[in-house]
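Subject: Structure for your review

Dear colleague,

Please find the structure below, handed over for your work. My findings follow it.

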Amino acid sequence: MRDLTEQEAVEQADSIWLDCLQASKTDSRRLGDLEASSLDQDEALAEIYQLLSGGEA
């Protein structure tokens with residue numbers, strides 16, 4: 001086993017913290033966040049498609 005670099009330690013601590021934040025959310029809050037993320041992705045894809053089709057965003 002090797003020692004972690006400072007950057008690796010920070011990244012692991014950030015990951016653990018984000019996991020704790022996610023675990024503290026209610027199921028309805030998690031579903032709401034997932035729904036919002038999905039809508040954001042749909043809007044981004046629609047904008048990309050419009051730009052690729054020669055339109056303006």
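In this predicted model, the side chains of Lys 25 and Asp 33 meet in a salt bridge, with an N to O distance of 2.6 Å. Lys 25 is partly exposed, because its relative accessibility of 28% falls between the 20% limit for buried residues and the 50% limit for exposed ones. Asp 33 is likewise partly exposed, at a relative accessible area of 25%.

Asp 33 has a further partner: its side chain also meets that of Arg 29 in a salt bridge, at 3.4 Å from N to O. Arg 29 and Asp 33 both belong to helix H2, where they are 4 residues apart, or about one turn of the helix. Through shared partners, the salt bridges join Lys 25, Arg 29 and Asp 33 into one network. As general background, an α-helix has 3.6 residues a turn, so residues three or four places apart point the same way.

Helix H2 itself covers residues 27–52, which amounts to 26 residues. From its first C-alpha to its last, H2 reaches 37 Å, close to the 38 Å expected at 1.5 Å a residue. Just after H2, Gly 54 adopts a positive phi of about 95 degrees.

The count of salt bridges in the model comes to 3. Besides the two described above, there is one between Arg 2 and Glu 8, whose closest N and O atoms are 2.7 Å apart. The two partners differ in their exposure class: Arg 2 counts as exposed, at 55% relative accessibility, whereas Glu 8 is partly exposed, with a relative accessible area of 23%.

The surface also carries a nonpolar feature. Trp 17, Leu 18 and Leu 21 form a nonpolar patch there, and together they have about 350 Å² of accessible area. Of these residues, Trp 17 lies in helix H1, which runs over residues 6–23. Trp 17 is classed as exposed because its relative accessible area of 57% is over the 50% cut-off.

In summary, the points I would draw to your attention are the network of Lys 25, Arg 29 and Asp 33, the salt bridge between Arg 2 and Glu 8, and the nonpolar surface patch that includes Trp 17.

Yours sincerely

Note on methods:
Residues are numbered from 1 along each chain as its sequence is written. This is a predicted model: local features need pLDDT of at least 70, side-chain atom pairs count only at pLDDT 80 or more; totals for chains, interfaces and linings use all residues. Side-chain values use heavy atoms; hydrogens and water are left out. Patches are made of residues with over 30% relative accessible area and no salt bridge: like charges are joined within 9 Å, nonpolar side chains (Val, Leu, Ile, Met, Phe, Trp, Tyr) within 5 Å. Accessible areas come from the Shrake-Rupley method with a 1.4 Å probe; for residues, only the protein chains shown count as cover. A salt bridge is a side-chain nitrogen of Lys or Arg within 4 Å of a carboxyl oxygen of Asp or Glu. Helices (H or I, at least four residues) and strands (E, at least two) are DSSP runs, numbered from the N terminus. Buried means under 20% relative accessible area, exposed over 50%, partly exposed in between (1.4 Å probe, protein chains only). The expected span of a helix is 1.5 Å times one less than its number of residues.
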